[in-house]
Protein chains: 2
Amino acid sequence: MKAEQKRRQELIAATIREIGAEGTLNVTVSQIAKRAGVSPGLAFHYFGDKEQLFLATMRSILRTYGALIRANLVGKTEPVERLTAILETNFSPSQFEDGAVAAWLNFYVLAQTSPEAQRLLALYHRRFHSNLVYSLRPLAGDAAHGIAERLGGLVDGLYLRFALNRSHVDPGPAVAQVLKALEVELSALDG
Amino acid sequence: MKAEQKRRQELIAATIREIGAEGTLNVTVSQIAKRAGVSPGLAFHYFGDKEQLFLATMRSILRTYGALIRANLVGKTEPVERLTAILETNFSPSQFEDGAVAAWLNFYVLAQTSPEAQRLLALYHRRFHSNLVYSLRPLAGDAAHGIAERLGGLVDGLYLRFALNRSHVDPGPAVAQVLKALEVELSALDG
DNA sequence: TGATTAATTGACTCGTCAGTCAATGGATTG
DNA sequence: CAATCCATTGACTGACGAGTCAATTAATCA
């Protein structure tokens, strides 16, 4: 049972790399398997079909992202400090490495038709939202919900724009815009 | 030369519908041609290959969107009025009809690797940005640029979230969030 | 009308790919 | 050491799809 876990991880890592290299989910399972150093049959053996392999890959990305958020939140108790950490995590290098961007874009496409992808995406949205609301509430009270929706949307949009703009290398400006939006939202409260 | 234009339009319309029905660009040119009521060969005859057909489709969608913006701006001179019109246009029914959503998502995927798609996307971003800045300047001065970047990102992000959430039917709440963000940005100026 | 050009067809090629499966190799265990 | 079980292979199939092309039909025009 040890080999299985190891192989799964290797295949998932290979999926990210391969999708990243091609930009699309139009990569063959054989390509992925080759990159993982195993035979094509093994990928089917462990994941059943291509879609399941990809969904497992997204779950892995989401798990990593969640762990990163939690890690960056450790020891931070001030609401603004926590909010900043959450927002910044979305633009941390790991979110752009390998094929994370390509995986996300293809995930969006898949989410239109795959209930399982839809479920995963909704889960991610909900977690992100409540993370924000938790820290916004002490600062904004009932306005927390609305602010969180706007910040969440902004993060998604700027991530998208940043990721697709090859002339951008450093996500710094995008993060700055998100933090500025937070500042604006908070300052508008006492208007 | 009349037939050519007509056929091209029909094939483009069929592409939108077919991609919309499948959610993905993984539709065959034959499917598209069938839906347009012509033979597969004709699609290749006029567009060369599948990617060109899709790019022509996106250009068409972008052109329609641009025309809609201009139409909705007619007669509006007040900055806030103009901004509202621009922002609302992004969530108008036509942006969700047929396969517009699917086309956009697949366009994002393609933009990772196709220079032509990248160019188109950048063009759209630039136009949208300067549209916003033009009306924001009188209200916000030098802050116009930053505000426009944030509003632009927010529109993209909320569009994405809205489009992928099947439980949403009416884009009203998304529009409301964008307008609220505009309001917040403007109110923060006199802080 | 007959000739020339444009529009359109659909059968065909060649390659590709998801998924299967029977066979092999390697551990483990009793 | 035999028997059993898990891990792994890679050849194979069946289907499909992009793009080509020679042939057909429709329009144009002199």
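A polar contact is a pair of N or O atoms within 3.5 Å. A:Arg7 has such a pair with DNA strand D: a polar side-chain atom lies 2.6 Å from a phosphate oxygen. The model is predicted. This briefing covers the surroundings of DNA strand D, then B:Glu185.

**Surface around DNA strand D**
- DNA strand D is surrounded by 14 residues.
- The closest of them are A:Arg7, A:Ser39, B:Thr28, B:Val29 and B:Lys50.
- Helix α3 of chain A, residues 40–47, supplies the largest share of this surface, with four residues.
- By type, the residues near the strand are seven nonpolar, four polar and three charged.
- Sugar or phosphate accounts for 73% of the strand D atoms within 4 Å of the protein. Bases make up the rest.

**Phosphate contacts**
- A:Arg7 uses its side chain, with a polar atom 2.6 Å from a phosphate oxygen of strand D.
- B:Lys50 also uses its side chain: an N or O atom there is 3.0 Å from a phosphate oxygen of strand D.
- B:Val29 uses its backbone, where a polar atom is 3.1 Å from a phosphate oxygen of strand D.

**B:Glu185**
- B:Glu185 sits in helix α9 of chain B, which covers residues 172–189.
- B:Glu185 counts as buried because its relative accessibility is 7%, and the cut-off for buried is under 20%.
- Leaving aside residues up to four places away in sequence, B:Glu185 touches A:Val184 from chain A. In chain B, B:Glu185 touches B:Ile147 and B:Arg150.

Key
Residues numbered from 1 in each chain as written. Chains lettered and ligands numbered in written order. Predicted model: local features only at pLDDT ≥ 70, side-chain atom pairs only at ≥ 80, totals over all residues. Heavy atoms only, no water. Near = heavy atom within 4 Å. Polar contact = N/O pair within 3.5 Å; in protein donor to acceptor, adjacent residues only side chain to side chain. Helix = DSSP H or I, 4+ residues; strand = E, 2+ residues; numbered from the N terminus. Nonpolar A, V, L, I, M, F, W, Y, C, P; charged D, E, K, R; others polar. Buried < 20%, exposed > 50% of the residue type's maximum accessible area, 1.4 Å probe, protein only. Contact = heavy atoms within 4.5 Å.
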